[in-house]
Amino acid sequence: MSIIQSVSHFKSARDAAKPLERVEDVRAAAEDFRKTMLNNPKVKFYKTYELIRIPYPSKYGYLNAFALPTPYIHICNKLFVIQFDSEEGIKTMLVSPSDWETQDDTPYFYQMREDVGIFSKPVEALMVKPKKTVLGALKKLGLAPEDVDYITYDHLHTQNVTRWLGGNGQAAIFPNAKLLVMREEWESAQALLPWQNQWYCPGGIDGVDDSRIELIDGDVFLGDGSVALMHTKGHTEGNHSIVAHTDQGLLVTSENGVSMDAYAPQHSKIKGLADYAKMTGSEVVLNGNTLEFGVDQYLSMIQEKTVAGAYPKDERFFNMALSSESAGYYLFPGTAPTVRMGDLEFGRFTPISKSSDNKKRGGIWRKLIS
């Protein structure tokens, strides 16, 4: 029996001809889905790791709402390690394993470096703040590469999947893992329009064997239902959100928004966001670097925050554990979010070795980390 089970809560929720009717239909479906998932088990383990902080244009991050001349916000790319139960036993999934060491060729960021010219290295040292690598975080946790069952991303911007799953003569770092990805995202990434490809890592999916890809059609529960993938079209055509039932309630991971402020702009202290919400009546502020599906992105953000529910530490905001969360930085004044999710850890990690030869595993680790 597959560990992937279809979810019907959102079927037809976006079919109404009138956009505002779609908003309320999506909200109602999300409230129903939230009740269902809160009755499901909790994940066995959930932990986040900060990987790297990078500059990202504020004009994209807070589309049409940001009211300062500060050109960038600092976004913190995170890795999520989630373990959940299933009929096949405990499964280990990595959410947003960003291979930032080999993503420099993504055209948009490559051009940023080119624009700075001879000052690129000192500017990068000021603006880019590496914290951990994926492999370094896994080693610290005690998770071997062969023990990863799944990897997934809310979308594939900047991601180098080939490094993790192998292809074009490159061995897989995660030999037993499959990529969980929406069919629309996978197919779109293989034939991008020119302005889309500025945000995708060149060769990032080249040569990956079809057997390593699990294409998802619509919303699904994973395993015992403690984790769900919701198709939240918007930031990209095949965008999806990861929902995990934890001791902090339902945590929703996405990049449709870049901060918790983006999901409750009326309460934001970031200049421009509250005024924008008051002036327009908007409930959210989009992360709009590509604007592929603006109306759907608005609907998806309503869906995400309704499923997430209130943030326990400040109930004006929502329980959004974002994959690229904005963080304050002295070089980017006025961009510090009102609240931040920060680091999270729930449950107890279960080491499940798929290798009976510990010496062999040690050799693999030495090769990968060196």
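Biologist: How buried is strand β7, residues 178-182?

Modeller: Keep in mind that this is a predicted model. A strand's burial can be read residue by residue, with buried meaning under 20% relative accessible area. In β7, four of the five residues are buried, so the rest of the structure largely encloses this strand.

Biologist: Which strands pair with β7, and in what sense?

Modeller: Strand β6, residues 150-152, runs parallel to β7 and is joined to it by three bridges. To place that pairing by eye, find Tyr150, which stands opposite Lys178 in β7. Strand β8, residues 213-216, also pairs with β7 in the parallel sense, over four bridges. Here the pair to look for is Leu179 opposite Ile213 in β8.

Biologist: And β6, what does it do with β4?

Modeller: β4 and β6 pair in the parallel sense over three bridges. Met93 stands opposite Tyr150 in β6, and Tyr150 is the residue that stands opposite Lys178 in β7.

Biologist: How many residues of β4 are buried?

Modeller: Five of the five residues of β4, residues 91-95, are buried, so this strand too is largely enclosed by the rest of the structure. You can also ask which way the residues point. Lys91, Met93 and Val95 point one way from β4, Thr92 and Leu94 point the other way, and all are buried.

Biologist: Which strand pairs with β4 in the antiparallel sense?

Modeller: That is strand β3, residues 72-84, which pairs with β4 over five bridges. Phe84 stands opposite Lys91 in β4. The two strands form a hairpin with six residues between them, and Gly89 in the turn has a positive phi of about 100°.

Biologist: Where else should I look for a positive phi, in residues other than glycine?

Modeller: Try Asn64 and Ser96. Asn64 has a phi near 70° and sits in the loop between α2 (58-61) and β3. Ser96 has a phi near 60° and lies in the loop between β4 and α3 (107-116).

Biologist: Is Asn64 buried or exposed? And Ser96, buried or exposed?

Modeller: Asn64 counts as exposed because its relative accessibility is 63%, and the cut-off for exposed is over 50%. Ser96 is buried, with a relative accessible area of 5%.

Biologist: Let's turn to the helices. How are two packed helices described?

Modeller: Two numbers do the job: the angle between the axes and the distance between them. Here, helix α1 (residues 19-38) packs with helix α9 (residues 294-308) at an angle of about 30°, and their axes are 8 Å apart. That makes α1 roughly parallel to α9, because angles under 35 degrees count that way. α1 passes α9 in a right-handed crossing.

Biologist: Which residues of α1 and α9 meet?

Modeller: From α1, the residues are Pro19, Arg22, Val23, Val26, Arg27, Ala30, Glu31, Phe33 and Arg34. They meet Val295, Tyr298, Leu299, Ile302, Gln303, Thr306, Val307 and Ala308 in α9. By type, the residues of this contact divide into eleven nonpolar, two polar and four charged.

Biologist: I see Asp32 in helix α1 too. How accessible is Asp32?

Modeller: Asp32 counts as partly exposed because its relative accessibility is 43%. You can also use Asp32 to compare chain separation with distance in space. Asp32 and Gly61 are 29 residues apart along the chain, and their C-alpha atoms are separated by 30 Å.

Biologist: Going back to α9, which strands does α9 lie across?

Modeller: α9 lies across β10 (227-231), β11 (240-246) and β12, running at about 155° to β12. These strands belong to an open sheet of five, in the order β1-β9-β10-β11-β12, with antiparallel pairing.

Biologist: What are the edge strands of this sheet?

Modeller: An edge strand can be recognised by counting its partners. Here the edges are β1 (4-6) and β12 (249-253), each of which pairs on one side only. Neighbouring strands in the sheet are turned by 25° against each other on average, with direction ignored.

Biologist: How many bridges link β1 to β9?

Modeller: There are three, in the antiparallel sense, between β1 and strand β9, residues 220-222. Look for Gln5, which stands opposite Phe221 in β9.

Key
Residues are numbered from 1 along each chain as its sequence is written. This is a predicted model: local features need pLDDT of at least 70, side-chain atom pairs count only at pLDDT 80 or more; totals for chains, interfaces and linings use all residues. Side-chain values use heavy atoms; hydrogens and water are left out. Axes are lines fitted to C-alpha atoms, for helices over the stretch in contact, and angles run from 0 to 180 degrees between N-to-C directions. Angles under 35 degrees count as roughly parallel, over 145 as roughly antiparallel, 65 to 115 as roughly perpendicular and the rest as oblique. A crossing is left-handed if the near helix is turned anticlockwise from the far one by less than a right angle, and right-handed if clockwise. Contact means heavy atoms within 4.5 Å. Ala, Val, Leu, Ile, Met, Phe, Trp, Tyr, Cys and Pro count as nonpolar, Asp, Glu, Lys and Arg as charged, and the others, Gly among them, as polar. Two strands pair if DSSP finds at least two bridges between them. Buried means under 20% relative accessible area, exposed over 50%, partly exposed in between (1.4 Å probe, protein chains only).
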